Amino acid sequence: MFDGYDSCSEDTSSSSSSDESEEEVAPLPSSLPIIKNNGQVYTYPDGKSGMATCEMCGMVGVRDAFYSKTKRFCSVSCSRSYSSNSKKASILARLQGKPPTKKAKVLQKQPLVAKLAAYAQYQATLQNQAKTKAAVPVEGFSWGNYINSNSFTAAPVTCFKHAPMGTCWGDIAEGVRVEVPNTDSNLPTKVFWIAGIVKLAGYNALLRYEGFENDSSLDFWCNICGSDIHPVGWCATSGKPLVPPRTIQHKYTNWKTFLVKRLTGAKTLPPDFSQKVSESMQYPFKTSMRVEVVDKTHLCRTRVAVVESVIGGRLRLVYEESEDKTDDFWCHMYSPLIHHIGWSRSIGHRFKRSDITKKQDGHFDAPSHLFMKVKEVDAAGEWFKEGMKLEAIDPLNLSAICVATIRKVLADGYLMIGIDGSEAADGSDWFCYHATSPSIFPVGFCEINMIELTPPRGYAKLPFKWFDYLRETDSIAAPVKLFNKEVPNHGFHVGMKLEAVDLMEPRLVCVATVTRIIHRLLRIHFDGWEDEYDQWVDCESPDLYPVGWCQLTGYQLQPPAPQSSRDSQSSSSKQKKKAKSQQYKGHKKMTSLQLKEELLDGEEYSFLQGASDQESNGSASYYIKQEP
């Protein structure tokens, strides 16, 4: 049973013919491996070059004992059989884990010992990977059910270059075949079967067992990067049984013939897919590293913080002076808010000196090459000057793009920006943006792109007109040519689902939707919350992730707010509208934070954190012509 059914044990050489040779299989241009009817070379799961698999009979053994220079066959007879009329035999061997035949006596030197040792090492590797990929269940929420019941579409993994597999996802799409555990089995041992991807949503795939045709009764969702998902052929090389689901066992008498017909020419995962997933989840930042990070209580300065934990590339930073380690800040390792030690002094940025005179034992400065590099700029010619006006995303209210002013020009292209009408007297709420930042815009950006521009607090001359405001304040607009006008081919579309950080409470990663796209700027809506909590985020922000990222990395996902929470939002929104005329006294998003904290029902999470919009990737009509 574990090697297949009795009906599958006949001599496969008689079932193949010359008119079904490899040359008649139409090639499929793809970066993914194609399952061929003449087999393909598989290295043993431990990845060592010392093991090989016979392309004819599927025997696994020591590579040096194999026949021919290429070490593709276990014996002369296998080599000859392969070149004659048995080209389909190898795919059957890979699918069924066919035991060695009399042809393979040359391998009896100690192949079993080597095989068991390699397999033991492979199992240990899988267990280690499983620990790092432990799923974090969210009670009452399932991405699969959420997407299926509403016919949602998720942003593809390729949209997130900073996420695991973001740059090497390849052509994984509907129709790709994989080997997965067979849950429709009454056998006492774990068995596997082949399934095809029916729908893809980020890392999550809706799979259907091979043989079910149009029957979706046993379809299931899983994370394609999980430790139980393998390329076709893995079972044979690992000695695992392929057993059809119990529901369809009666459909075919010869499952071998069925699989050969169904799989020949189909795509599967690369043999090293699991290794690539593991490598893409290795992060250079380590605990106890020291960095400079923005002071969350005074945005105008930075402080020294220590990496307390790393989850999926997200860092929990504890400010160095926090004795009980509760004064922390969450951000991604590629965030523009963190820098190497000494960065503030090098560019002239304000910095809060620590009361700690020397490094604590075990703490060490993070190497400068680990941090995200900014583009070099030429400030020698025409450049930004203090007092110039522009438009900028308010870091204290990310749903708003506001009238802003350059308050100070720092070195290496960095600028200190203040929001007009909302600045503290001591400048403690100025914030630092690089000149190439996608969060600052020239005068007129909102008007040309039909975005509501937030005027200065208390400005009475409405509707706001830039021409009048520049004349009244005796100021000039920053030249358009100094701004970053690059728009990458990001791949996002309105309505796509994703997982996004609530940047006003950056320990939280929430279920979210792209609701507007303005060139490279995305409007992110948090499902279940009112629109006032939406945030403007750049398409390449490291705070956006594919569906399934939290499950893959072990991070806590915040599900959409329930109906009771929405009622609380409505009452809170009314209170906020009444308070709009009050004097500005601090962080404008505090009411939002307090509301979200209340809706968490007091639970503690130690590791938490439109209509005619332009979706083009060009920069045409990106800015309006400035009035004289």
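How many helices and strands does the secondary structure of this chain come to? The count is 13 helices and 26 strands. Before I go on, keep in mind that this is a predicted model.

Okay, the overall numbers. The chain has 628 residues, and 52% of them count as buried. Its accessible surface comes to about 29,500 Å², with 51% of that belonging to carbon and sulfur atoms.

Now the inside. In soluble globular proteins, nonpolar side chains tend to be buried together. Here the largest nonpolar core holds 134 residues, and the members that touch the most others are F285 and I524. There's also a second, separate core of six residues, with C300, W343, L410 and M416 among them. Back to F285 for a moment: if you leave aside neighbours within four places in sequence, its contacts are V291, V310, L315, M333, I338, A366, L370 and F371.

I524, the other one, takes us to strand β23, residues 521-526. Is β23 mostly covered or mostly open? Mostly covered: six of its six residues are buried. Looking at the two faces, L521, R523 and H525 point one way, while L522, I524 and F526 point the other. So you've got an arginine and a histidine in there, R523 and H525, and they're buried along with the rest.

What's on either side of β23? Strands of a sheet pair through backbone hydrogen bonds, either parallel or antiparallel. Strand β22, residues 509-518, runs antiparallel to β23, and six bridges join the two. They form a hairpin with two residues between the strands, and H519 in that turn has a positive phi of about 60°. If you want to find the register, I518 has L521 as its bridge partner. Then β23 also pairs with strand β24, residues 535-538, again antiparallel, this time over four bridges. On that side, L521 stands opposite D538.

Next, a sheet from earlier in the chain sequence numbering: four strands, open, in the order β4-β5-β6-β7, with antiparallel pairing. β4 and β7 stand at the edges with a single partner strand each, so one side of each has no neighbour in the sheet. The twist averages 50° from one strand to the next.

Let's look at β4, residues 177-181. Five of its five residues are buried, even though it is an edge strand. Its partner is β5, residues 192-201, and the two pair antiparallel over five bridges. For the register here, R177 stands opposite G196, and V178 has A195 as its bridge partner.

Which helices go with this sheet? One is α4, residues 143-150, lying across β5, β6 and β7 and running at about 130° to β7. Another is α6, residues 255-263, which packs on the sheet, touches β4 and β5, and makes about 30° with the direction of β5. The buried residues of α6 are W255, K256, F258, L259, V260 and L263. At the start of α6, a side-chain oxygen of N254 comes to within 3.2 Å of the backbone nitrogen of K256. Just after the helix, G265 takes a positive phi of about 90°.

That gets me to backbone oddities, which you may want to check if you're setting up calculations. Most residues other than glycine have a negative phi, and most peptide bonds are trans. Now for the exceptions. E213 isn't a glycine, yet its phi is positive, about 50°. E213 sits in the loop between β6 and β7, and it's partly exposed, at 36% relative accessible area. D474 has a positive phi as well, near 50°. D474 is in the loop between α10 and β21, and with a relative accessible area of 74% it counts as exposed. And there's a cis peptide bond, from L462 to P463, with omega near 0°. P463 lies in the loop between β20 and α10.

Last stop, D324. Is D324 buried or exposed? Its relative accessible area is 54%, and the cut-off for exposed is over 50%, so D324 is exposed. D324 belongs to the loop between β10 and β11. Its side chain makes a polar contact with the side chain of T326 at 2.8 Å, and another joins it to the side chain of S322 at 3.3 Å.

That's the tour.

Conventions:
Residues numbered from 1 in each chain as written. Predicted model: local features only at pLDDT ≥ 70, side-chain atom pairs only at ≥ 80, totals over all residues. Heavy atoms only, no water. Buried < 20%, exposed > 50% of the residue type's maximum accessible area, 1.4 Å probe, protein only. Pairing = 2+ DSSP bridges. Polar contact = N/O pair within 3.5 Å; in protein donor to acceptor, adjacent residues only side chain to side chain. Areas by Shrake-Rupley, 256 points an atom, 1.4 Å probe, with all protein chains shown as cover. Core = buried A, V, L, I, M, F, W, Y, C linked by side-chain atoms within 4.5 Å. Contact = heavy atoms within 4.5 Å. Axes fitted to C-alpha atoms, helices over the stretch in contact; angles between N-to-C directions.
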